Amino acid sequence: MSQGPRSGLAAVSSALLAMSRHLEVRDVLKTIVASARELLDAQYAALGVPDDHGGFAQFVVDGVSDAQWKAIGPLPRQHGILAAMLHEATPERLADVRKDPRFEGWPSAHPDLVDFLGLPIRDGDEVIGALFLANKNCSKPEGSCGFTQDDEELLSILAQHAAIALTNARLYERSRELTIAEERSRLAHELHDAVSQKLFSLRLTAQAAAALVDRDPSRAKGELHQVAVLAAEAADELRAAVVELRPAALDEDGLTATLRTHIQVLDRAHTARVTFAARSFRALPAAQEEAMLRVAQEALHNALRHSGAEHVDVTLDRRGSGAVLRVTDDGSGFEPKAIRRAGRHLGLVSMRDRTNGVGGTLTVESAPGKGTTIEMEVPGG
């Protein structure tokens, strides 16, 4: 192997260590792509994870700005060279991808790619992704590929370890989802056993009081007193259950990490691009962090389900001793006053109640065709 790839072994080691530090799938994908582009000194890099419908469940790029990526449009389909990577599962090294007979063009905003190196990412016999590099940053004779055999071997090493990192990240996310499902099931059983029994007793006691009102007012009064006691006990049981429903990840990881994970899941599940940034944020009292998480979830639900947005941006900023949460989308927007008059609140009442409950303020800015921004500010501890 030439001196170039040998000198790159330290960079390979750094890339592998970077991949092993991440547990979330999208973080792993981004690290793989950025490491590959830097390691082989390419202008562009991409990694596609196929779905079961002829498209990509995830497609991560490096070397393309957010504005460029948005202009390019929807995720690519599995055709042309991309299909070859996934279905033939063989490396591809091309001097000019545009001259390959399988080339089928790309959107007008797509950057112009020339020399190309692609490798499948395999987990055993299964192809779980494909890694692509384009436009090697080097001088090359006309009609020749800038990527060498050494580059291909180096990328092959990275792809093998990428498969391990990606598989581990998927297992971690599935394990976490299973834990959440089990916890929800446990709480459902507890609610059924505790609260439903209280409510059944309350119903019987209320019926007894109703039967005694005319013929024995004194006993009816005692039964009504018991109704009040049972109602208070049921409320206590519900309150305790709600406290337990505070997301476990919020206690373990804090608001920033919990929001980031939640948004990564949404970004994978929806066609809209969902992004998150936290700037100088510091921990808040538990009640405020939970309220901010719930408001963010409600706002994201509205944006992704109702607005038709292509991009939803979530930011978390420090403001004084408190913090500001902002959820902005480029969707259809609405007229807030008209929504209130029509009695359709899109969760705004719930968001305002949660915000007011922790001493915060909620601001909603929207107009038809202009998208929506929801801002929540809390004072901190």
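Ala277 is partly exposed in this predicted model, because its relative accessible area of 25% falls between the limits of 20% for buried and 50% for exposed. The residue belongs to strand β6, which spans residues 273-279. Leaving aside residues up to four places away in sequence, Ala277 touches Val314, Thr315 and Leu316. Asp313 is 36 residues from Ala277 in sequence, and the C-alpha atoms of Ala277 and Asp313 are 8.2 Å apart.

A separate topic is the sheet formed by β1 to β5. This open sheet has five strands in the order β2-β1-β5-β4-β3, and the pairing is antiparallel. The edges are taken by β2 (56-62) and β3 (92-94); each has a single partner strand, so one side of each lacks a neighbour in the sheet. On average, neighbouring strands are turned by 15° against each other, with direction ignored.

Within the sheet, β1 (residues 42-50) pairs with β2 over six bridges in the antiparallel sense. Opposite Ala45 stands Asp62 in β2.

Two helices lie across strands of the sheet, as listed here.

| Helix | Residues | Strands crossed | Approximate angle |
|---|---|---|---|
| α3 | residues 25-39 | β1, β2 and β5 (126-136) | about 40° to β2 |
| α5 | residues 80-88 | β1, β2, β3, β4 (116-123) and β5 | about 140° to β5 |

The edge strand β2 thus has β1 as its pairing partner and is among the strands that α3 lies across. The other edge strand, β3, is among those that α5 lies across.

Methods. Residues numbered from 1 in each chain as written. Predicted model: local features only at pLDDT ≥ 70, side-chain atom pairs only at ≥ 80, totals over all residues. Heavy atoms only, no water. Pairing = 2+ DSSP bridges. Helix = DSSP H or I, 4+ residues; strand = E, 2+ residues; numbered from the N terminus. Axes fitted to C-alpha atoms, helices over the stretch in contact; angles between N-to-C directions. Contact = heavy atoms within 4.5 Å. Buried < 20%, exposed > 50% of the residue type's maximum accessible area, 1.4 Å probe, protein only.
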